[in-house]
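Trainee: Please show me the structure and take me through it by question and answer.
Mentor: Here it is; ask about one part at a time.

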Amino acid sequence: MKVLVYAEVRNGKLKSTAGELLTEARRLLAGKTENIHAVLMGEGCAAHAKTLATFGASKVFVVDSPTTNTYQCEPHIQTITQLIQKNGYTLVMGPASPTGRDFFPRLAVRNKSAMLTDVISVSLEGEKVIARRPMYAGKCIAEVASQSSLTFVTLRPNVIPSEVLNASAEAAVENFAPTLNEDAIKAKIIEVRKGKSEKPDLTEANLIISGGRAMGNADNFKILHDLADVVGATVGASRAAVDSGYAPHDMQVGQTGKTVNPNLYIAFGISGSIQHLAGMRTSKVIVAINTDPDAPIFQKADYGIVADLFQAVPLFKDELKQLVEHS
Amino acid sequence: MKILVLVKHVPDTETKVKLAAGGKGLDDSEFKYMVNPYDEFAIEEAVRTQEKQGGESVVVSLGPTRVQEGMRKAMAMGIDRGVWINTEGHSGELDSFSVATALSKVIAEEKPDVVYLGQKAIDDDSAHIGPMLAELSGMPHVQVVTKVEWQDGAQIARVEREVEGGMMEVYEVKAPMVLGAHKSLNEPRFPPLPGIMKAKKKPLAEKKLAEVLSETALVTVRSYALPADKAPGKVFKGEALPDMVKKVVGLLRSEAKVI
């Protein structure tokens with residue numbers, strides 16, 4: 001088994017998924033790090049090679065080309081396909097992020113190999129790659145098996161805790177110049193607009209504070225944003241809140257929105273429909289605040305308070321502020 | 001302009017998932033099906049594209065007899081005709097790769113300028129078909145599309161895609177192309193009554209899966225499991241709210257150790 005990890009860089013920053021992927025690769029190969037390589041693409045990405053080495057990448061390929069500096073599907077596929085041909089990887093892993101999920105399925109087809117998407121664990125039976133992946137937004141977990149000698153895997157962010165192997169490790173860096181066929185780029189990136197928020201996306205957030213229909217209107221979401229700012233949380237919303245126009249679609253948590261798995265999920269005024277619970281049930285700790293003691297969300301909550309959210313939010317803000325200031 | 005839209009039939013979002021005896025499969029006896037929610041945005045965009053650019057629109061679905069319901073819904077919203085890939089009687093495992101190859105045969109026959117589909121299906125959550133079908137058909141794809149603007153001549157589109165944290169990527173895309181619709185792309189119309197009546201008479205061609213299936217599955221599902229149920233949590237009520245909040249925040253630090 002020889003593994004290549006795609007370490008994603010966005011806006012010059014290395015995504016935390018890189019450490020998670022390398023940690024999982026090390027576990028899979030029982031520590032045989034000589035068989036674990038990583039590839040970096042994107043502007044200024046070379047600076048991250050050392051970090052990848054500390055997580056156990058024995059070799060880091062750095063691709064520095066104007067064509068790959070800003071993410072585009074086609075050049076990423078060409079580059080990784082050439083690396084596979086050159087080095088004979090049998091497993092290629094990347095994050096199940098919007099970027100990974102955009103190009104990995106296409107990359108797998110170009111190499112006529114199995115694609116295991118959004119998995120939460122990987123295992124080996126001999127050379128056969130097996131993985132577990134949630135389906136129906138987490139209502140069930142499927143065990144899936146690759147039927148090809150080369151396998152592509154995207155790993156769900158935030159599931160595997162990343163562990164540094166050797167903090168003083170130095171990377172063996174190799175600059176890699178792919179032969180890029182630019183004519184094949186039929187979807188050309190012309191602009192990247194940064195989001196208003198510097199906070200992590202819901203799918204990668206460690207802390208999420210969500211509001212439901214009980215928020216009443218869009219302006220009221222401001223109190224959740226204020227609370228979230230105290231602890232650096234990302235704000236989410238239920239489908240009811242989004243459908244009522246209180247929050248934009250990209251904030252929606254649930255089966256028809258985003259599936260999230262933060263360390264802490266605080267739900268204000270969310271009753272907990274089946275489709276919402278499916279999207280957040282893998283959160284490590286769930287806190288629910290709702291006026292209705294029979295709301296289904298309390299069945300899934302680790303901690304709950306039967307109360308009005310508008311009274312509870314300022315109190316949470318004060319308590320959390322104190323905690324942050326005294327730690 | 002030739003516009004094609006792919007529609008999948010999925011268990012509705014209120015469905016409780018149960019395992020079939022032995023855990024090899026799911027018990028689908030109580031499943032109620034609906035058009036995959038993201039596909040509704042794809043259908044709406046297909047209809048709007050035809051309204052602006054003219055031409056013809058086709059809905060394609062792969063599945064058992066019941067998927068015709070979804071195809072009729074697409075036709076009621078304005079799609080002209082349908083091609084149904086009938087999977088009745090098929091016993092082998094289908095994965096996204098084999099399904100994408102079957103769909104690519106229909107694409108090769110129909111030669112659309114654009115293929116719309118939902119950015120993912122809410123049953124398997126794979127989001128594979130768009131990129132895989134595009135690769136097999138030699139077309140570019142854009143996933144999680146929130147805006148499509150056709151340039152003059154409708155051979156190039158300016159397409160916006162949502163990435164993360166509100167970040168957007170804007171692409172210039174050459175037709176033919178595959179576009180995966182996201183929720184904020186448009187507001188799907190309710191099928192109007194005359195549309196529902198007309199849809200019943202629109203042509204729906206049938207192909208047997210065996211006619212278009214050329215590949216075996218590269219991924220097989222071995223078994224399913226249900227996620228472990230959590231132990232009941234601590235729910236506070238009836239005390240003074242500041243005390244309850246203090247207790248919960250204290251427990252988040254001392255017991256749960258998450259902050």
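**Chains, sheets and a helix**

Mentor: Buried residues make up 47% of the 259 residues in chain B; a residue is buried if 20 or more other C-beta atoms lie within 10 Å of its own, exposed if 12 or fewer, and partly exposed in between, with C-beta atoms placed from the backbone. This is a predicted model, in which local features need pLDDT of at least 70, side-chain atom pairs count only at pLDDT 80 or more, and totals for chains, interfaces and linings use all residues. Residues are numbered from 1 along each chain as its sequence is written, while chains are lettered from A and ligands numbered from 1 in the order in which they are written.

Trainee: How many helices and strands are there in chain B?
Mentor: Helices (H or I, at least four residues) and strands (E, at least two) are DSSP runs, numbered from the N terminus. For chain B the count is 7 helices and 13 strands.

Trainee: How far apart do the C-alpha centres of domain 1 and domain 2 of chain B lie?
Mentor: Domain 1 of chain B covers 2-212 and domain 2 covers 229-259, with bounds from an automatic or database domain assignment. The C-alpha atoms of chain B fill a box of roughly 65 × 45 × 40 Å along the principal axes. Between the two C-alpha centres the distance is 45 Å.

Trainee: Which strands stand at the edges of the open sheet of 6 strands?
Mentor: Two strands pair if DSSP finds at least two bridges between them. The order is β15(A)-β14(A)-β16(A)-β17(A)-β18(A)-β13(B), with parallel pairing. Each edge strand has a single partner, so one side of it is left without a neighbour in the sheet; these strands are β15 (234-237) of chain A and β13 (234-236) of chain B.

Trainee: Which residue stands opposite A:Leu264?
Mentor: Strands β16 (residues 264-268) and β17 (residues 285-290) of chain A pair in the parallel sense over 5 bridges. Opposite A:Leu264, in β17(A), stands A:Val285.

Trainee: What angle does helix α6 of chain A make with β14(A)?
Mentor: Helix α6 (residues 221-231) packs on this sheet, touching β14 (207-211), β15 and β16 of chain A. Contact here means that two residues have C-beta atoms, placed from the backbone, within 7 Å. Axes are lines fitted to C-alpha atoms, for helices over the stretch in contact, and angles run from 0 to 180 degrees between N-to-C directions. The angle between α6(A) and β14(A) is about 170 degrees.

Trainee: Why are the buried residues of α6(A) on the same side of the helix?
Mentor: The buried residues are A:Phe221, A:Leu224, A:Leu227 and A:Ala228. The arc is that of the directions from the helix axis to the C-beta atoms. They are on the same side of α6(A) because they cover an arc of only 115 degrees.

Trainee: How many residues does the contact take from chain A and from chain B?
Mentor: One place where the chains meet is β10 (residues 140-146) of chain A, which pairs with β12 (residues 219-225) of chain B in the antiparallel sense over 6 bridges. There, A:Ala142 stands opposite B:Tyr224. In total the contact takes 73 residues from chain A and 69 residues from chain B.

Trainee: What is the order of the open sheet of 4 strands?
Mentor: The pairing in this sheet is antiparallel. One pair in it is β8(A) with β9 (residues 128-135) of chain A, over 5 bridges. The order is β8(A)-β9(A)-β10(A)-β12(B).
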